[in-house]
Amino acid sequence: MAVLYTLINDIIFQAVLVGEGLVPLSPDLINQLPFFLKVQFAIIVLFWTTLWAVKWSFLMYYKKLFVGLPGHMQKCWWTVVVFSILAYLGCWVTQLLSCTPIATYFNDNCQTPRDIYISDLSLYYAMGVDVVCDILIMALPLRLLWGLKVNLQQKVALAAIFSLGFIVIAFAVVRVVETGATFKHVNPMWLALWSMIEASVGKYFVFELKLARKCGGTAVESF
């Protein structure tokens with residue numbers, strides 16, 4: 001994502017200046033728009049994939065904790081897995097429906113009120129399912145946490161680690177609010193900034209799984 005944003009960084013700033021009425025629309029910017037829109041589309045897809053890869057990493061880790069547990073716990077895990085997959089596919093569907101036909105997305109003809117409405121709706125949908133998935137994933141191990149044969153300090157540490165998703169949720173909400181997605185074109189500069197922050201925070205928390213293993217030690221297996 002960082003590399004792709006570097007490629008279109010200058011175009012983003014020019015587009016923002018034009019949108020604010022500070023500079024006139026130049027022929028050079030018009031010529032660069034198709035390239036910008038193609039890269040932007042790739043960034044959006046990569047952003048979703050990064051976030052959901054983090055979710056699936058946590059789910060794969062939790063699967064080991066659920067081995068040997070009652071059947072209803074296994075069903076809960078599978079329910080969250082299926083929901084997360086459907087939510088991810090839903091992000092693709094809403095994005096592909098944001099312009100009709102989709103080819104207009106890449107030539108800056110995606111300008112009708114309907115297209116702008118669906119585009120912003122896609123942003124809100126992605127945030128909504130992102131938040132719901134994070135809450136469901138955090139809830140999976142917390143129910144079993146207090147059954148661990150570890151001291152209170154370790155339990156509190158593990159609870160804090162398993163609840164780190166609330167920080168990602170906060171960034172997800174801020175991302176939508178700060179981009180100005182009120183059923184008009186979003187601000188590409190703020191979208192780039194907050195997308196990078198949210199994705200980076202999410203990837204960082206994957207490394208916290210190692211810390212969770214250290215805090216719980218071999219007792220994690222006693223769920």
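This report describes the fold, surface and salt bridges of a predicted protein model.

Residues are numbered from 1 along each chain as its sequence is written. Local features need pLDDT of at least 70 and side-chain atom pairs count only at pLDDT 80 or more, while totals for chains, interfaces and linings use all residues, and side-chain values use heavy atoms, with hydrogens and water left out.

## Overall fold

The protein has 7 helices and 0 strands. Here helices (H or I, at least four residues) and strands (E, at least two) are DSSP runs, numbered from the N terminus. Read from the N terminus, the order of elements is α-α-α-α-α-α-α.

Of the 223 residues, 45% count as buried. Buried means under 20% relative accessible area, exposed means over 50%, and partly exposed lies in between, with a 1.4 Å probe and protein chains only. Among contacts (heavy atoms within 4.5 Å) with a separation of 6 or more, 75% are between residues 24 or more positions apart.

## Helix H2

Helix H2 covers residues 27-65. The expected span of a helix is 1.5 Å times one less than its number of residues. For the 39 residues of H2 this gives 57 Å, and the end C-alpha atoms are 58 Å apart, which agrees. H2 also has a kink of about 40 degrees at Leu 33, shortly before the proline Pro 34. The bend at a residue is the angle between axes fitted to the seven residues ending there and the seven starting there.

Ile 30 is also in helix H2. With a relative accessibility of 42%, Ile 30 counts as partly exposed. Its C-alpha atom is 9.6 Å from that of Asn 107, and the two residues are 77 residues apart in sequence.

## Salt bridges between H2 and H4

The structure holds 2 salt bridges, a salt bridge being a side-chain nitrogen of Lys or Arg within 4 Å of a carboxyl oxygen of Asp or Glu. One joins the side chains of Lys 55 and Asp 130, at 2.4 Å from N to O. Lys 55 lies in helix H2 and Asp 130 in helix H4, so this pair ties together parts that are 75 residues apart in sequence.

Lys 55 also forms a salt bridge with Asp 134, where the closest N and O atoms are 2.7 Å apart. Asp 134 lies in helix H4 and Lys 55 in helix H2, so this pair ties together parts that are 79 residues apart in sequence. Lys 55, Asp 130 and Asp 134 are thus linked in a network of salt bridges.

Lys 55 and Asp 130 are both buried. The relative accessibility of Lys 55 is 4%. Asp 134 is buried as well, with a relative accessible area of 10%.

Helix H4 spans residues 113-145 and contains Ser 122. Ser 122 is buried, at a relative accessible area of 3%. Leaving aside neighbours within four places in sequence, Ser 122 is in contact with Trp 48, Cys 91, Thr 94 and Gln 95.

## Surface and helix H3

The accessible surface of the protein comes to about 11600 Å², and 71% of it belongs to carbon and sulfur atoms. Accessible areas come from the Shrake-Rupley method with a 1.4 Å probe; for residues, only the protein chains shown count as cover.

Trp 78, Val 82, Ile 85, Leu 86 and Leu 89 make a nonpolar surface patch of about 480 Å². Patches are made of residues with over 30% relative accessible area and no salt bridge; like charges are joined within 9 Å, and nonpolar side chains (Val, Leu, Ile, Met, Phe, Trp, Tyr) within 5 Å. Of the patch residues, Ile 85 is placed in helix H3 (residues 71-96), and its relative accessibility of 39% makes it partly exposed. An α-helix has 3.6 residues a turn, so residues three or four places apart point the same way.

Thr 79 is another residue of helix H3. Thr 79 counts as exposed, at 53% relative accessibility.

## C-alpha distances

Helix H5 (residues 152-162) contains Lys 155, which is buried at 13% relative accessibility. Leu 193 belongs to helix H7 (residues 188-216) and is partly exposed, with a relative accessible area of 39%. The table lists C-alpha separations for Thr 79, Lys 155 and Leu 193.

| Pair | Separation in sequence | C-alpha distance |
|---|---|---|
| Thr 79 and Leu 136 | 57 residues | 9.6 Å |
| Lys 155 and Leu 142 | 13 residues | 9.9 Å |
| Leu 193 and Glu 178 | 15 residues | 9.7 Å |
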